[in-house]
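Student: I am new to this structure and would like a close look at a single part of it, taken slowly. Could you choose one residue, and then follow its surroundings outward step by step?

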Amino acid sequence: MAQPAERRWSWWGRVIFYVADVDALYDRALAAGCQPATVPRDAEWGERFFHLIDPDGHELSFARPLLPVSVQ
């Protein structure tokens, strides 16, 4: 939600978008002039992701599940 400059909301939110190629989307975001909050990385919970912050301060997370490692 857009907020007037004099109003400060006390809530926060995150939306996770699952994409086919996190690194390619990160490169496209940079090329479009965006400044992502994080660089792509592999998380301990099994996803590769990065975040953008929208104008209202919400995190937009772009992720893809990492392939499971087969046990031999």
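**Val 22 and its surroundings**

Tutor: In this predicted model, Val 22 touches Pro 40, Arg 48, Phe 49, Phe 50, Phe 62, Ala 63 and Arg 64, when residues up to four places away in sequence are left out of the count. Two of these contacts, Phe 50 and Phe 62, also belong with Val 22, Tyr 26 and Leu 52 to the largest nonpolar core, which has five residues in all. Helix H1 and strand S3 each supply at least two residues of this core. As a general background, nonpolar side chains tend to be buried together in soluble globular proteins.

To see where these residues sit, it helps to turn to the sheet. The sheet is open and has four strands in the order S1-S4-S3-S2, with mixed pairing. Strands S1 (14–18) and S2 (41–42) stand at the edges and have a single partner strand each, so one side of each is left without a neighbour in the sheet. Between S1 and S4 the pairing is parallel and runs over five bridges, and here Phe 17 stands opposite Phe 62 in S4, the residue Phe 62 being a member of the core named above. Strand S3, residues 47–53, and strand S4, residues 59–65, pair instead in the antiparallel sense, over seven bridges. Within S4, Pro 65 is the bridge partner of Glu 47, while Arg 64 has Arg 48 standing opposite. Helix H1, which covers residues 22–31, packs on this sheet and touches S3 and S4, its direction making about 20° with that of S3. The hairpin of S3 and S4 has five residues between the strands, and in this hairpin Gly 57 takes a positive phi near 90°.

Arg 48, one of the residues that Val 22 touches, deserves a closer look of its own. Its side chain meets that of Asp 23 in a salt bridge, with 2.9 Å from N to O. This pair links distant parts of the chain, since Arg 48 lies in strand S3 and Asp 23 in helix H1, 25 residues apart. Arg 48 counts as buried at 16% relative accessibility, whereas Asp 23, at 30%, counts as partly exposed. Arg 48 also forms a salt bridge with Asp 42, where the closest N and O atoms are 2.8 Å apart, and Asp 42 counts as partly exposed at 45% relative accessibility. Through these shared partners, salt bridges join Asp 23, Asp 42 and Arg 48 into one network.

A search of the whole structure finds three salt bridges, and one of them lies between the side chains of Glu 59 and Arg 14, at 2.7 Å from N to O. Glu 59 belongs to strand S4 and Arg 14 to strand S1, so this pair ties together parts that are 45 residues apart in sequence. Glu 59 is buried, with a relative accessible area of 16%, and Arg 14 counts as partly exposed at 43%.

Finally, a word on confidence in the prediction. The protein chain averages a pLDDT of 86, and 82% of the residues score at least 70. Among the elements of the chain, the highest mean pLDDT, 97, belongs to H1, and the lowest, 93, belongs to S1.

Note on methods: Residues numbered from 1 in each chain as written. Predicted model: local features only at pLDDT ≥ 70, side-chain atom pairs only at ≥ 80, totals over all residues. Heavy atoms only, no water. Pairing = 2+ DSSP bridges. Contact = heavy atoms within 4.5 Å. Axes fitted to C-alpha atoms, helices over the stretch in contact; angles between N-to-C directions. Core = buried A, V, L, I, M, F, W, Y, C linked by side-chain atoms within 4.5 Å. Buried < 20%, exposed > 50% of the residue type's maximum accessible area, 1.4 Å probe, protein only. pLDDT = per-residue confidence, 0-100. Salt bridge = Lys/Arg side-chain N within 4 Å of Asp/Glu carboxyl O.
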